[in-house]
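Here's a quick briefing to read with the structure open beside you. Have a look at the fold first, then work through the points below.

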Amino acid sequence: MFVFSDKIMVVFKRPAEECSGTDPEGAAVKNGGNGMKKIGIVMGSDSDLPVIKKATDQLTRLGIPFEVHVYSAHRTPVEARDFALNARKAGFGVIIAAAGMAAHLAGAIAANTTLPVIGIPCQGPVMDGLDALLSTVQMPTGIPVATVAVNGGANAALLAAQILAVEDAELAAKLDEKRAKDAAAVLEKDAGIAARLES
Ligand code: RP5
């Protein structure tokens, strides 16, 4: 297990075994800082890290605790399954799963938890990620995966934050503030666009 933020390091300085096992019953929910639920982030390979970094950057800015793992639906199916089975009792509120090519990770995670699962299809060496997009998005009825754009790490994090913000007014206010800042940046570009065309 590894984390990207010093602040969050304190919250998750505990053995990885605490998040493993197969019994989903009988354990207290372990929340992150401020009683906020954690975001679980799983990637199929460390080669997906640049996409995941876009997500962790957003979560760090929003002060949301997260935990990152490399588990593959195909190469380490037992670990991926155990993580999903134990995610709720381990204090996770949402899981983000990123994978490329035959991208079954988000679906395999969703099959073993009723927490919301957000899938990120990662661009691979063929089809520009269309293979991963279809593998992630085309879930059978009953096992939903909310799929973001190919390489959409930032939006995955923002969607996860919005899910947590349903029950968290402080986080909702941070998201509103971010939207306002983003809109102001676009309007600033609008104001300067004529001058750029003339130069
Ligand atoms: C997928 O296969 C991973 O999510 C990754 O996107 C892709 C390639 O993995 P590596 O061969 O780079 O480990 O399972």
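**A strand in the middle of things**

In this predicted model, strand β4 sends Val117, Gly119 and Pro121 out one way and Ile118, Ile120 and Cys122 the other way, and all of them are buried. That makes six buried residues out of six, so β4 (residues 117-122) is largely enclosed by the rest of the structure. Here's how the rest is arranged.

**The chain overall**
- The chain has seven helices and five strands.
- Reading from the N terminus, the elements go α-β-α-β-α-β-α-β-α-β-α-α.
- Of its 199 residues, 39% count as buried.
- Take the contacts between residues at least 6 apart in sequence: 69% of these join residues at least 24 apart.

**The sheet**
- The five strands make an open sheet, ordered β2-β1-β3-β4-β5, with parallel pairing.
- At the edges sit β2 (66-70) and β5, each of which pairs on one side only.
- In general, strands of a sheet pair through backbone hydrogen bonds, either parallel or antiparallel.
- On one side, β4 pairs with β3 (residues 92-100) in the parallel sense, over six bridges; here Ala99 has Pro121 of β4 as its bridge partner.
- β4 also pairs with β5, again in the parallel sense, over two bridges, and Gly119 stands opposite Thr147 in β5.

**Around the ligand**
- Ten positions to click on: Gly44, Ser45, Ser47, Asp48, Ser72, Ala99, Gly100, Met101, Cys122 and Gly124 are the residues around the ligand.
- By class, this shell has three nonpolar, six polar and one charged residues.
- Two of these names come up elsewhere too: Cys122 is among the buried residues of β4, and Ala99 is the bridge partner of Pro121.

**Two helices worth a look**
- Helix α5 (residues 130-137) has Ala132, Leu133, Ser135 and Thr136 as its buried residues.
- The cover over those buried residues includes β3, α4 (105-110), β4 and β5 (146-147).
- Helix α7 (residues 169-198) is another story: of its 30 residues, the number buried is zero, so α7 lies largely in the open.
- From first C-alpha to last, α7 reaches 45 Å, close to the 44 Å expected at 1.5 Å a residue.
- α7 also has a kink of about 45°, centred on Gly192.

Key. Residues are numbered from 1 along each chain as its sequence is written. This is a predicted model: local features need pLDDT of at least 70, side-chain atom pairs count only at pLDDT 80 or more; totals for chains, interfaces and linings use all residues. Helices (H or I, at least four residues) and strands (E, at least two) are DSSP runs, numbered from the N terminus. The expected span of a helix is 1.5 Å times one less than its number of residues. The bend at a residue is the angle between axes fitted to the seven residues ending there and the seven starting there. A residue is buried if 20 or more other C-beta atoms lie within 10 Å of its own, exposed if 12 or fewer, and partly exposed in between; C-beta atoms are placed from the backbone. Two residues are in contact if their C-beta atoms, placed from the backbone, lie within 7 Å. A residue is near a molecule or strand if its C-beta atom, placed from the backbone, lies within 6 Å of it. Ala, Val, Leu, Ile, Met, Phe, Trp, Tyr, Cys and Pro count as nonpolar, Asp, Glu, Lys and Arg as charged, and the others, Gly among them, as polar. Two strands pair if DSSP finds at least two bridges between them.
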